[in-house]
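Colleague: Please take a close look at one part of this model, the packing of its interior, and then at the backbone details in the loops.

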Amino acid sequence: MKLGIVGAGMIVQDLLSFIKDIPTITLQAISSRPTHEEKLRLLQQQYSIEQVYSNYSEMLSDPDVDTVYIGLPNHLHYDYAKEALLHGKHVICEKPFTSNLSEFLELKELAEKKQLILVEAITNQYLKNYLSMKDHIPKLGDIKIVECNYSQYSSRYAAFQAGEVLPAFNPEMSGGALMDINLYNIHLVVGLFGSPERVEYWPNMERDIDTSGILFLDYGDFKCVCIGSKDSTAPNSVNIQGNKGYIHMASSANIVDSYNYVLNKQETIRVDQKDHAHRMYDEFVEFDRIIRELDWNKAAQMLEHSERVMQVVEQAKQSANLVFGPDRLRHN
């Protein structure tokens, strides 16, 4: 994979911190707005990136770039992914895939038409602990209760309370707890159990944005609660309870750290199959393989998963009468 990166924020620097551990990925280019050129030059020097562009279209015209990673604020994902696909590039797009379901469906159709790989960068779907968790769940018997809590007090929340509206808390930029932190919970649960029968979202609202909230997913035979908070914190956890045992993970859904697997009246088994310290490593190993081998079946499988997640997000927003991103602008 010859990777072109768009963005220079925290998530991009997170990516750059480990990407050299995957020798089949070449850092071909990085692009951001002209005001970030000095920052890009420093990143180029630090991580041996071949080219720097202050114009996104110029990077897309670079024939040596075959794949674009989009690490930009949520509301920009659709436009930048669409432009990359139109230029014949494979696309790895940070979560949330898009601001709404209709944007996602358009990108999916375009990727299929152009015969290009399009995937969402969502850590937990590729982590080895998560994959092992999928194997253990059938042994828990009939699932009864699932609970996920990902609560992390945002470093930007105090600024938001003081009146400064940064992207993380801007409804016009698809910010908020549902689209950011609770999305990991949704991906984990939908990846394990598929689409729920009913979705309801109860947000805590401040100045038109959900700073935290509780998502209820009804699976008929069992119930699920997903808590996502950017205005308060608590011990993060995932609990999956069946009539024959349970899984308890004392970490957030984006990391999927070690977990306890316990069958009724049996000893606790601690499971930890990760073999790399960085949470994003496994997904980029798989993205590289999918693109090198043009594994259309796996790409389609992951797009189907992302579509189910986007459907849950849409239902959650509708249940709480939330309007974010481009939808918000159209309603104003």
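Modeller: What follows goes from the nonpolar cores to a helix pair and then to three loop residues.

The model is predicted. Its largest nonpolar core has 52 residues, and the members that touch the most others are Val 189, Phe 193 and Ile 240. Helix 8, residues 182-193, supplies the largest share of this core, with eight residues. Val 189 shows what such a position looks like in detail. Leaving aside residues up to four places away in sequence, Val 189 touches Val 146, Cys 148 and Gly 194, and also Leu 217, Tyr 219, Cys 224 and Cys 226. Apart from this core there is a second, separate one of 32 residues, with Tyr 47, Ile 49, Ile 290 and Ala 299 among them.

The helix pair comes next. Two packed helices are described by the angle between their axes and by the distance between those axes. For helix 4 (residues 77-86) and helix 5 (residues 101-114), the angle is about 10 degrees and the axes are 10 Å apart. Angles under 35 degrees count as roughly parallel, and helix 4 and helix 5 are therefore roughly parallel to each other. On the helix 4 side the contact is made by Tyr 78, Ala 81, Lys 82, Leu 85 and Leu 86. These meet Glu 103, Glu 106, Leu 107, Leu 110, Ala 111 and Lys 114 of helix 5. By class, the residues of this contact are seven nonpolar and four charged, with no polar ones.

Ahead of helix 5 in the chain is a loop that begins after strand 5 (90-94), and Pro 96 lies in that loop. The peptide bond leading from Lys 95 into Pro 96 is cis, with omega near -15 degrees.

Two further loop residues have a positive phi without being glycine. Ser 174 sits in the loop between helix 7 (157-161) and helix 8, the helix that gives the largest core its largest share. Phi of Ser 174 is near 60 degrees. Its relative accessibility is 0%, and since buried means under 20%, Ser 174 counts as buried. Val 256 belongs to the loop that joins strand 12 (245-249) to strand 13 (259-263). Here phi is about 45 degrees. Val 256 has 1% relative accessibility and so counts as buried too.

Note on methods: Residues are numbered from 1 along each chain as its sequence is written. This is a predicted model: local features need pLDDT of at least 70, side-chain atom pairs count only at pLDDT 80 or more; totals for chains, interfaces and linings use all residues. Side-chain values use heavy atoms; hydrogens and water are left out. A nonpolar core is a set of buried Ala, Val, Leu, Ile, Met, Phe, Trp, Tyr and Cys residues joined through side-chain atoms within 4.5 Å. Buried means under 20% relative accessible area, exposed over 50%, partly exposed in between (1.4 Å probe, protein chains only). Helices (H or I, at least four residues) and strands (E, at least two) are DSSP runs, numbered from the N terminus. Contact means heavy atoms within 4.5 Å. Axes are lines fitted to C-alpha atoms, for helices over the stretch in contact, and angles run from 0 to 180 degrees between N-to-C directions. Angles under 35 degrees count as roughly parallel, over 145 as roughly antiparallel, 65 to 115 as roughly perpendicular and the rest as oblique. Ala, Val, Leu, Ile, Met, Phe, Trp, Tyr, Cys and Pro count as nonpolar, Asp, Glu, Lys and Arg as charged, and the others, Gly among them, as polar.
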